[in-house]
Amino acid sequence: MDGNAIVYCEGAFGTTNGKTAHGLVRRTTRYRVVAVVDSRHAGRDAGEVLDARPNALPIVGSLAEGLELAERQGAPIDYFVVGLAPDGGRLSTADRGAVMAAIEAGLHVDCGLHDFLNDDAEIAALAAEHGVRLRDVRKPPARNELHFFSGKIEEVTSLKVALLGTDSAVGKRTTAWLLVDALAEAGFPCELVGTGQTAWMQGARYHILLDALVSDFITGELEHATWSAWRGAAEDAGHTPPAAIVIEGQGSLLNPAYPGGFEILAACRPDLVVLQHAPARREYDGFPGYPIHPLPRQIEAIQVISDKPVVAVTVNHEHLTDAEIDAACRRIAEETGLPALDVLRDGAEGLVEVLRPELERRATESHGG
């Protein structure tokens, strides 16, 4: 764990533009989150706002309030983490001012946006003056560190499950983590391959930042991360590979701005696909006038491209009541012939049961049964 952190999400917590903060509120092994900054929800519990489940993590109205709270708790803050994820990944003028205030307070700053703090002369100089570190999480690796697709993905014997979605910011990463935890609880050791900045901030051991890479190397980096998860976890477990590797999706195949699922299907060669869907959405997030393609069409596109089955639909219940969630799951099951589950509300045990036959078949084959 790197240290105690305040997560900055001014004006965006509880919206799709706050998904990085949401991920850190739900789980992280990289930081101990002490508070979230969003003046719209000041005084409330972050878990209650996000999931209607209090988690004793306060939302404060400003950085100053967060620092005062941390001092009272005896938990001095080390990091100011930008929890915003706006379309295009740009840092607004107001948010830039918040970063500078954090630096002046002596905090290290981690930022996953496309505007790199180290490239901002004024911010970099201020950080040097105060002796703090700036980490631009989304900065691409050096060219000589990148991998080109080689075909070594075919060596991977673990069950590869791609957690794709019908839209961006639809909950793919959250469901992927819940599935990893549930698989481990059921006796199937599992690794997650993170593909965005939030998974890195949450402490994923194996990850890439897909939308920060030169296109020539995206498939190679995806392949290498998946292969590394297989090989590294096997070495940690005495040369026993993990039962499964869950790959976090990006965007959606038919999203006009974020069609990141293509590379994941091509390079990671998943054996099975789980598809995350928000039934209440009518248009692609952030793109009014672009209606979301029907769920059966999205499933068809995935299966045509990958020649692998979609085995379940996981539901994002935004803007739905409990009764509406249940009705949506029944409707999806009837429409697609697939199990439909709300993993965030009900847990991922049902999804494990969908995967269990294939996991057990592979386990039997690996032991010569």
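Which residues have the most contacts inside the largest nonpolar core? The points below take up that matter and then turn to helix packing and salt bridges. The model under review is predicted.

1. The largest nonpolar core comprises 53 residues, and those with the most contacts inside it are Phe13, Tyr31, Val36, Phe80, Ile103 and Val109. Strand E2, which spans residues 31-37, gives the most to this core, contributing six residues.

2. Val109 deserves a closer look. When its neighbours within four places in sequence are left aside, Val109 is in contact with Phe80, Val82, Val99, Ala102, Ile103, Leu117, Arg133, Leu134 and Arg135. Two of the partners in that list, Phe80 and Ile103, are also named among the residues with the most contacts inside the core.

3. There is also a second core, separate from the one above, with 38 residues. Its members include Phe217, Leu265, Ala267 and Ile302.

4. Helix H4 (residues 93-104) and helix H5 (residues 121-130) cross at roughly 15°, and their axes come within 9 Å. Angles under 35 degrees count as roughly parallel, so H4 is described as roughly parallel to H5. The crossing of this pair is left-handed. On the H4 side the meeting residues are Arg96, Val99, Met100, Ile103 and Glu104, while H5 supplies Glu122, Ile123, Leu126, Ala127 and His130. Ile103 of H4 thus appears in this helix pair as well as in the largest nonpolar core.

5. A second helix pair consists of H6 (residues 172-185) and H13, whose axes lie 10 Å apart and which pack at an angle of about 60°. These two helices are therefore oblique to each other, and their crossing is right-handed. Leu179, Ala182 and Leu183 of H6 make the contact with Glu349, Leu351, Val352, Leu355 and Leu359 of H13.

6. A search of the whole structure finds 29 salt bridges. One of them joins Arg138 to Asp211, with the closest N and O atoms 2.5 Å apart. Arg138 lies in the loop between strand E6 (134-136) and strand E7 (159-165), and Asp211 in the loop between strand E9 (206-207) and helix H8 (215-236), so the pair ties together parts that are 73 residues apart in sequence. Arg138 counts as buried because its relative accessibility is 9%, whereas Asp211, at 38%, counts as partly exposed.

7. What do the side chains of Asp271 and Arg362 form? They meet in a salt bridge, at 3.3 Å from N to O. This pair links distant parts of the chain, 91 residues apart: Asp271 is in the loop between helix H9 (261-268) and strand E11 (272-277), and Arg362 is in helix H13 (residues 349-366). With a relative accessibility of 15%, Asp271 counts as buried. Both residues belong to a network of salt bridges that also links Lys160, Glu358, Arg361 and Glu365.

8. The salt bridge between Glu300 and Arg297 has its closest N and O atoms 3.4 Å apart. Both residues are in helix H10 (residues 295-306), and because they are three residues apart there, about one helical turn separates them. Glu300 counts as partly exposed at 44% relative accessibility, and Arg297 likewise counts as partly exposed at 49%. As a general remark, side chains of opposite charge can pair when their charged atoms come close.

Key. Residues numbered from 1 in each chain as written. Predicted model: local features only at pLDDT ≥ 70, side-chain atom pairs only at ≥ 80, totals over all residues. Heavy atoms only, no water. Salt bridge = Lys/Arg side-chain N within 4 Å of Asp/Glu carboxyl O. Helix = DSSP H or I, 4+ residues; strand = E, 2+ residues; numbered from the N terminus. Buried < 20%, exposed > 50% of the residue type's maximum accessible area, 1.4 Å probe, protein only. Core = buried A, V, L, I, M, F, W, Y, C linked by side-chain atoms within 4.5 Å. Contact = heavy atoms within 4.5 Å. Axes fitted to C-alpha atoms, helices over the stretch in contact; angles between N-to-C directions. Parallel < 35°, antiparallel > 145°, perpendicular 65-115°, else oblique. Left-handed = near helix turned anticlockwise from the far one by under 90°.
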